[in-house]
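Okay, thanks for coming, everyone. I have a new structure to walk you through today, so let me put it up on the screen.

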Amino acid sequence: MPTLLTFAALSLIALVAGVSLTRLVPGLSAQHPGILALGLLMLFWAVREILLRRRVQKRLLAEIEELAEEVLRLRDQEAVPTMVPGMIDVQPEALAARQPANEPRLTVPDPLRAPAPADDGTLLEAVRDALNNNRVELHVQPIVTLPQRKIRFFELLARPRDADGKAYPAAACLQALDAAGLRAEFDALMLLRGVQMVRKLEQRAKDVGFFLNLSPDMLAQIETFNPLYDFLTREREHAANIVLEFSYEGVRLLDRNGLYRLGQLSALGFALSLDGIDRLDLDFAALAKTGVRFLKFNAGCFTDPAVISRATVDPADLAEICRRHDLMPVLAKVEKENELLKLAELNFPFGQGLLFGPPKMAKAA
């Protein structure tokens with residue numbers, strides 16, 4: 001096969017140069033017409049492969065958009081289940097009889113029925129209203145390989161909207177949920193949606209992975225961790241396509257029990273990611289032992305003198321140090337081309353940010 005591919009490449013060079021194969025190799029067409037035909041056939045397949053690869057990428061994006069739209073409709077399509085006050089069964093018993101036995105199910109405290117805290121602010125009320133009226137949309141943002149910029153993963157993001165269709169700031173929404181103690185429940189609902197999308201997409205593109213954001217609060221308390229662990233145990237067959245992502249600062253605050261639970265998720269086969277890293281003085285060996293596989297470094301930290309001054313490693317050696325510990329660094333929040341050029345010497349294998357593609361609302365194709 002390598003010989004045939006080489007021959008096809010030579011054929012292409014010959015054609016572009018305007019030199020016929022019969023002149024390049026005298027008597028080839030007369031004595032070995034089969035070889036000439038095979039070379040042209042290989043040339044055709046090489047061009048066809050390039051075109052198909054581009055079409056597959058476009059179709060993949062369209063399929064993800066369509067699947068995300070289907071996930072958004074799930075809540076409206078499902079009947080309202082009978083439930084114990086203060087709890088929600090995301091997959092109602094009424095549907096269980098007509099769904100496969102292995103359909104994802106997750107029982108978590110209901111953020112819609114939880115009592116509102118005394119200091120419930122305007123933004124939190126708006127987010128709760130968006131949840132009640134199914135106005136939480138899934139967005140996808142690509143994570144690409146560097147320097148090729150080929151899409152390798154997608155990060156799933158939730159964006160609540162008001163009645164007029166205006167999106168609320170994502171960071172502010174999460175802060176409001178954190179302040180009200182509802183972040184873990186919200187993330188559980190988004191996790192279910194993400195897993196449902198992965199289950200459907202796996203049938204068409206098995207090599208695509210998804211980063212699903214979760215709150216470290218789900219690891220801090222056994223009451224929120226047990227439902228999460230049971231759910232992911234049932235879904236561990238999809239672990240190869242799912243990366244569970246937590247904020248770096250949130251994981252730093254976990255106690256020994258929380259870190260142990262983080263390791264339990266890794267033991268199920270799920271890769272772990274830490275995002276929002278804006279420092280270089282990390283204990284890479286300890287992170288690897290915990291089961292972390294991806295580290296998302298904010299691009300801005302590599303040009304921040306304060307960060308560089310307290311770094312324990314040379315930024316130029318960071319990617320290699322990560323590889324030694326089986327960690328995959330991701331250059332995150334890359335917004336401009338010149339910013340990427342300045343950081344090209346870091347040799348990061350993956351990148352994410354507005355430069356490679358902003359979070360995009362998934363609409364039906």
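I'll start with the whole chain, then go through the charged pairs, the cysteines, the backbone and a patch on the surface.

First, a caution: this is a predicted model. So keep that in mind as we go along.

Let's begin with the overall picture. The chain has 365 residues, and 47% of them count as buried. DSSP gives us 16 helices and eleven strands. How do the contacts spread along the sequence? If you take contacts between residues at least 6 apart, 67% of them join residues that are at least 24 apart. As for the outside, the chain exposes about 19,100 Å², and carbon and sulfur atoms supply 56% of that.

Now for my favourite residue here, K296. You'll find K296 in strand β8, which runs over residues 292–298. Is K296 buried or exposed? Its relative accessibility is 2%, and the cut-off for buried is under 20%, so K296 counts as buried.

What does a lysine have around it in there? Leaving out neighbours within four places in sequence, the contacts of K296 include I143, F211, L274, I277 and V330. There are also acidic residues in that list, among them E155, E245 and D275. With E155, the side chain of K296 makes a polar contact of 2.7 Å. And E155, E245 and K296 are linked in a network of salt bridges. As a general reminder, side chains of opposite charge can pair when their charged atoms come close.

How many salt bridges are there in total? The count comes to eight. I'll show you a few.

Take E235 and R199, whose side chains meet with N to O at 3.1 Å. This pair links distant parts of the chain, 36 residues apart: E235 is in the loop between α10 and β6, while R199 is in helix α8, residues 183–201. Both partners fall in the buried class, because E235 has a relative accessibility of 1% and R199 has 15%.

The next pair is D281 and R279, with a salt bridge of 2.9 Å, N to O. Here the two partners land on either side of the 20% cut-off: D281 is partly exposed at 21%, whereas R279 counts as buried at 18%. I wouldn't read much into the labels there.

Then there's R293, which forms a salt bridge with D326, the closest N and O atoms being 3.5 Å apart. This is another pair that links distant parts of the chain, with R293 in strand β8 and D326 in the loop between α15 and β9, 33 residues apart. R293 is partly exposed at 28% relative accessibility, and D326 is partly exposed too, at 47%.

On to the cysteines. A disulfide, in general, is a covalent bond between the sulfur atoms of two cysteines. How many disulfides does this model have? Zero. Two cysteines to find on the screen are C301, which is buried at 4% relative accessible area, and C322, which counts as buried at 0%.

Now a few backbone details. Look at the loop between β3, residues 136–145, and β4, residues 151–160, where P147 lies. L146 and P147 are joined by a cis peptide bond, with omega at about 5 degrees. R149 is in the loop between β3 and β4 as well. What is the sign of phi for R149, positive or negative? Phi is near 65 degrees, a positive value in a residue that isn't glycine. R149 is partly exposed, with a relative accessible area of 34%.

K333 is another non-glycine residue with positive phi, near 60 degrees. K333 sits in the loop between β9 and α16. With 55% relative accessibility, and exposed meaning over 50%, K333 counts as exposed.

Last stop: the surface. Which residues form a nonpolar patch there? They are L38, L41, F44 and W45, and together they have about 390 Å² of accessible area. L41 lies in helix α4, which covers residues 33–77. At 42% relative accessibility, L41 counts as partly exposed.

If you take one thing away, make it K296: a lysine that counts as buried and is linked with E155 and E245 in a salt-bridge network. Okay, that's me done, over to you.

Definitions and conventions. Residues numbered from 1 in each chain as written. Predicted model: local features only at pLDDT ≥ 70, side-chain atom pairs only at ≥ 80, totals over all residues. Heavy atoms only, no water. Patch = residues over 30% accessible without salt bridge, like charges linked within 9 Å, V, L, I, M, F, W, Y side chains within 5 Å. Areas by Shrake-Rupley, 256 points an atom, 1.4 Å probe, with all protein chains shown as cover. Salt bridge = Lys/Arg side-chain N within 4 Å of Asp/Glu carboxyl O. Helix = DSSP H or I, 4+ residues; strand = E, 2+ residues; numbered from the N terminus. Buried < 20%, exposed > 50% of the residue type's maximum accessible area, 1.4 Å probe, protein only. Polar contact = N/O pair within 3.5 Å; in protein donor to acceptor, adjacent residues only side chain to side chain. Contact = heavy atoms within 4.5 Å. Disulfide = S-S within 2.5 Å.
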